[in-house]
Amino acid sequence: MTTTPAAPAAGSPRSARSLAWARRRHSLARFWAEYRTHRAGLFGLGALALIALVALTAPLLVGSDVQSVTNAPGSALERPSGEFPLGTDQFGRSLLGLLVWGARISLTVGLLAAALSVAIGTLVGVVSGHYGGWFSTVVMRITDWFLVMPTLVLAIVLATVMSRSMWTVIVAIGVTTWPTTARLVRAQTIAVESRPYIERARALGGGHGHIMNRHVLPNVMPLVLAQTTLGISSAILTEATLAFLGLGDPTVVSWGGMLQDAREAGAVSSGHWWYLAPPGIAIALVALAFTLCGRAIESVLNPKLGVAR
């Protein structure tokens with residue numbers, strides 16, 4: 001006689017875990033259904049997917065020798081042609097190849113700098129909002145100091161005193177742009193901790209770490225996600241500005257670095273518009289795409305914003 005295995009009890013860890021994953025899948029499906037109603041958000045997402053695909057396949061599309069100055073295939077500052085659709089730079093390198101390769105650095109710096117900024121801001125906001133009192137007051141005064149200081153000036157100072165590398169730019173952007181996220185997350189943390197289930201968790205013996213990790217952080221993550229998408233566009237613009245000022249990594253190709261090279265080559269005064277236009281348009285397009293995605297996510301997570309579709 002064969003016996004069938006007993007079904008897991010309703011309160012077993014396996015069934016609870018399955019129920020949690022089912023809820024996450026349902027929430028994700030509902031989020032995507034709402035996101036699809038935003039035409040601008042879909043346009044931004046499609047543009048980002050295309051640019052990310054181009055950046056990931058850059059070694060296959062243009063090759064790794066596109067950055068070489070000694071093996072440049074063309075002459076200096078050639079106009080757009082069939083051989084070079086976007087023209088050449090001051091060394092005779094294809095601007096189309098440099099634009100494709102530069103997408104890797106610009107997107108990497110933007111993503112990592114925004115992630116660092118949001119991580120610092122989330123940590124400061126959650127801890128400050130949870131503990132409150134004099135500790136929150138001191139942390140918020142420090143945050144206000146960073147908030148009123150010009151972000152670009154602080155980033156320039158850090159990029160100047162540190163070694164010139166891609167990681168220096170990431171750190172310079174990340175440690176100077178977190179205050180806005182910190183204030184938003186702190187306000188959301190205070191709102192979450194005023195709810196009755198937080199008091200119930202405390203009454204049942206939940207400590208500070210349990211409340212912040214299991215109750216507060218999941219409720220502020222939608223805000224963090226929206227802030228991340230908006231922060232990436234700002235980080236890419238800041239990276240381009242630092243590279244344009246000559247504070248980027250000179251050993252890599254980025255869109256901001258291309259603009260800086262064009263300035264040094266006198267493209268503005270000489271009328272070599274094809275040297276300036278491609279990286280500038282690429283920066284504007286990526287910043288716009290991330291902004292559209294961020295606004296769509298904000299509208300889905302908070303319908304009261306009334307963001308146009």
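Biologist: Which helix does Gln260 lie in?
Modeller: This is a predicted model. Residues 255-264 form one helix, and Gln260 lies in that run. The helix is α11.

Biologist: Is Gln260 buried or exposed?
Modeller: Its relative accessible area is 11%. Buried means under 20%. Therefore Gln260 counts as buried.

Biologist: Leaving aside neighbours within four places in sequence, which residues is Gln260 in contact with?
Modeller: Contact means heavy atoms within 4.5 Å. With the sequence neighbours within four places set aside, the partners of Gln260 are Ala243, Phe244, Leu245 and Gly246.

Biologist: Which helix gives the most to the lining of the largest pocket?
Modeller: The pocket has a volume of about 730 Å³. Its lining has 24 residues, with Arg24, Ser27, Leu28, Phe31 and Pro222 nearest the centre. Helices α1 (13-35), α2 (39-56), α10 (208-244) and α13 (273-301) each supply at least two lining residues. The most, 10 residues, come from α1.

Biologist: How many residues in the lining of the largest pocket are nonpolar?
Modeller: By class, the lining has two polar and four charged residues. The nonpolar residues number 18.

Biologist: Which helix supplies the largest share of the largest nonpolar core?
Modeller: That core has 36 residues, and Leu107, Trp255, Val286 and Phe290 have the most contacts inside it. At least two residues each come from α2, α4 (95-131), α10, α11 and α13. The largest share is 11 residues, from α13.

Biologist: How many residues does the second, separate core have?
Modeller: Its members include Val109, Met166, Ala172 and Leu242. The count for this second core is 13 residues.

Technical notes. Residues numbered from 1 in each chain as written. Predicted model: local features only at pLDDT ≥ 70, side-chain atom pairs only at ≥ 80, totals over all residues. Heavy atoms only, no water. Helix = DSSP H or I, 4+ residues; strand = E, 2+ residues; numbered from the N terminus. Buried < 20%, exposed > 50% of the residue type's maximum accessible area, 1.4 Å probe, protein only. 1 Å grid on protein atoms, 1.4 Å probe; cavity = no way out; pocket = protein on both sides within 12 Å on 5 of 7 lines; lining within 4 Å. Points joined across faces, edges and corners; volume = space filled by probe spheres on them. Nonpolar A, V, L, I, M, F, W, Y, C, P; charged D, E, K, R; others polar. Core = buried A, V, L, I, M, F, W, Y, C linked by side-chain atoms within 4.5 Å.
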